[in-house]
Amino acid sequence: MSAIEIFNPSRLTWARRRRGLTKTKLAVSVGVDLRSVSAYETGEFAPESDKLTRIAAVLRFPETFFFGDDLEEPAFDTASFRSMSKMTAAQRDTALGSGAIALLLNEWIEARFDLPRADVPDLGRDGSPEGAAEAARRAWGLGELPIKNMVHLLEAKGVRVYSLAIDAVEVDAFSMWRQDRPFVFLNTLKSAEHGRFDAAHELGHLVLHRHAAPNGQEAEQDANAFASAFLMPAASVRAHAPRFATIDNLIRLKKIWGVSLAAITYRLHKLGLLTDWHYRKLYIEIASRGYRKTEPDGGPREVSQILQKVFAALREDGIGKHDIACALNVHAEDVDELVFGLALTGLNGSGRASTPKRRPELTVVSSRE
C-alpha cells in the first residue's frame, strides 16, 4: 500500500484545530465517542469508511486530504501574533492552519511561476525602530514619499502576502520567515487603513525580529513604532502638520499617508507636534464621533498584485480555483480565504489539467508617489 493510501492521523488533528473544534465537539458532530476520536488522532486505529466520510463533511475537507503527508504548519514561536493575551487557542490554531494551507498554495504557485526574490533588510541590530524604518526606506529608495500601496510594495520586495478571512478582531495579522521567504498574513475584515498599518507592522517584525522570537509586549511595541515611522516619515509629517490640529483637518491629512485618524494623531504627538492635553482632547473626540470603530473617509482596500497576475496566467491555461483546491486536497473556500477573494472573481474552475504550459516570471509595479 502506497503512502497516499494510508490514513494520516496528524492531518485529522490539524484539520480539527483548523476548524476550531475540540475533540468532544468533533465526536458529537460525527456521532462517535470521545475515545474514538482520540484513537483516530493517536493512530491507534483509523476511522471506518462511513465515519471518515462524516469527519470530512464536518471538517469541510475532501476525504483525500486525510491521506497525505504531514503538513508543514508555522510554529507558534516563529510567527508574530498581536493581542496574544486576548487571543484564544482556537483563534490561534485557525490562523496557523491558514498559514499551513498558504505554504501549500505558495509551493504550488512557485513550482509554476518565478516570483520576486526576497529583498528584506535585516535591521534587528540597527538601533531604534524609528532608525530601522528610516534604514528600510533608504534601502528601498523610498525617500520621504508616501507609500500608496503597502501590499504591492511588500510583494515587489519578495514578501509573500496572503489574506486571513478570520472574523476575530484579536487576529490582526501575523508574519514569519520560512527558510529564505518572508510571509505576511492580513485580516481582510478590517478597514483599509488598519490593513496598511498591519502590513507595515508585520514588515517591522520581519526586519527587526528575524533572529528572535517575534512575540511579547516589547516586540509588539517595536513593530508598532516601526510601522508608524515607516508609513509616516518624520520630516514629511512635520512639513504637513497643521498649526492647530482639529479632527476635520486631520481627516484630510491622514489621506496623504493612507493611515487611520488615530494613527496620524498618535504620530503627531510622538513627534512633539501635539501637547499631551491636545492629544487627549483629540482622542476623546475621535471616540465620541465613533471613529475608533468606523474610519472616516476610508480608502480602498489593498489586495495582492502577484495573485492577480498568477490567476490571469492560470486562466489562460484553463486552470480554475477548483483545480488548485483539488491539487492541494482542500476545498475551494480555503483557497478563497487566502487570496483576498480574488479566486472567487478571477477563476471559475474548469477541471482541466493543472500544469501551465509555461513558467512566467512575475514582477510587481509598486506605486510610491
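This tour moves from the whole chain to the sheet, the core, the salt bridges and a few loop residues.

**Whole chain**

Start with everything shown. The model is predicted. Its chain carries 17 helices and three strands. There are 369 residues, and 53% of them count as buried. Switch on the surface: about 17000 Å² is exposed, with 50% of that supplied by carbon and sulfur atoms. Now consider contacts between residues at least 6 apart in sequence. Of these, 73% join residues at least 24 apart.

**The sheet**

Select the three strands. They form an open sheet in the order E1-E3-E2, with mixed pairing. Strand E1 (160-164) and strand E2 (173-178) are at the edges; each has a single partner strand, so one side of each lacks a neighbour in the sheet. On average, neighbouring strands here are turned by 20 degrees against each other, direction ignored.

Next, pick E1 together with strand E3, residues 181-187. The two pair in the parallel sense, over five bridges. Label valine 161 in E1 and find valine 184, its bridge partner in E3.

Move to the other pairing. E2 and E3 run antiparallel and are joined by six bridges. Valine 184 turns up again, as the bridge partner of serine 175.

Stay on E2 and show its side chains. Ala173, Ser175 and Trp177 point one way. Phe174, Met176 and Arg178 point the other way. In a regular strand, side chains alternate between the two faces of the sheet. Is E2 enclosed or open to the outside? Six of its six residues are buried, so the strand is largely enclosed by the rest of the structure.

Now add helix H5, residues 89-110. This helix lies across E1, E2 and E3 and runs at about 140 degrees to E1.

**The hairpin turn**

Zoom in on glutamine 179, in the loop between E2 and E3. The hairpin has two residues between its strands. Glutamine 179 has a positive phi of about 60 degrees, although it is not a glycine. Most residues other than glycine have a negative phi. Glutamine 179 counts as exposed because its relative accessibility, 68%, is over the 50% cut-off.

**The nonpolar core**

Which residues touch the most other members of the largest nonpolar core? Select Phe66 and Phe230; the core they belong to has 105 residues. H5 gives the most to this core, with eight residues.

Centre on phenylalanine 66 and show its surroundings. Leaving aside residues up to four places away in sequence, its contacts include Ile6, Phe7, Leu12 and Ala15. Leu52, Ile55, Ala56 and Leu59 are also among them. So are two residues of another kind, Asn8 and Arg11.

**Salt bridges**

Display the charged side chains. The count comes to 20 salt bridges.

Begin with glutamate 41 and arginine 16. Their closest N and O atoms are 2.6 Å apart. Glutamate 41 sits in helix H3 and arginine 16 in helix H1 (residues 9-18), so this pair ties together parts that are 25 residues apart in sequence. Both residues are buried.

Then select arginine 35 and glutamate 44. They form a salt bridge too, with closest N and O atoms 2.8 Å apart.

Go on to arginine 60 and glutamate 333, whose side chains meet in a salt bridge of 2.9 Å, N to O. Arginine 60 is in the loop between H4 and H5, while glutamate 333 is in helix H16 (residues 332-336), so the pair ties together parts 273 residues apart in sequence. Arginine 60 is partly exposed, at 36% relative accessible area. Glutamate 333 is partly exposed as well, at 30%. Before leaving arginine 60, check its backbone: phi is near 60 degrees, a positive value in a residue other than glycine.

For a wider group, select Arg18, Arg19, Asp334 and Glu337. A network of salt bridges links them.

**Last stop: glycine 43**

Where is glycine 43? Look in the loop between helix H3 (34-42) and helix H4 (49-59). Glycine 43 is partly exposed, with a relative accessible area of 43%. Finally, add serine 10 to the selection. Serine 10 and glycine 43 are 33 residues apart in sequence, but 8.4 Å apart in space, C-alpha to C-alpha.

Technical notes
Residues are numbered from 1 along each chain as its sequence is written. This is a predicted model: local features need pLDDT of at least 70, side-chain atom pairs count only at pLDDT 80 or more; totals for chains, interfaces and linings use all residues. Side-chain values use heavy atoms; hydrogens and water are left out. Helices (H or I, at least four residues) and strands (E, at least two) are DSSP runs, numbered from the N terminus. Buried means under 20% relative accessible area, exposed over 50%, partly exposed in between (1.4 Å probe, protein chains only). Contact means heavy atoms within 4.5 Å. Accessible areas come from the Shrake-Rupley method with a 1.4 Å probe; for residues, only the protein chains shown count as cover. Two strands pair if DSSP finds at least two bridges between them. Axes are lines fitted to C-alpha atoms, for helices over the stretch in contact, and angles run from 0 to 180 degrees between N-to-C directions. A salt bridge is a side-chain nitrogen of Lys or Arg within 4 Å of a carboxyl oxygen of Asp or Glu. A nonpolar core is a set of buried Ala, Val, Leu, Ile, Met, Phe, Trp, Tyr and Cys residues joined through side-chain atoms within 4.5 Å.
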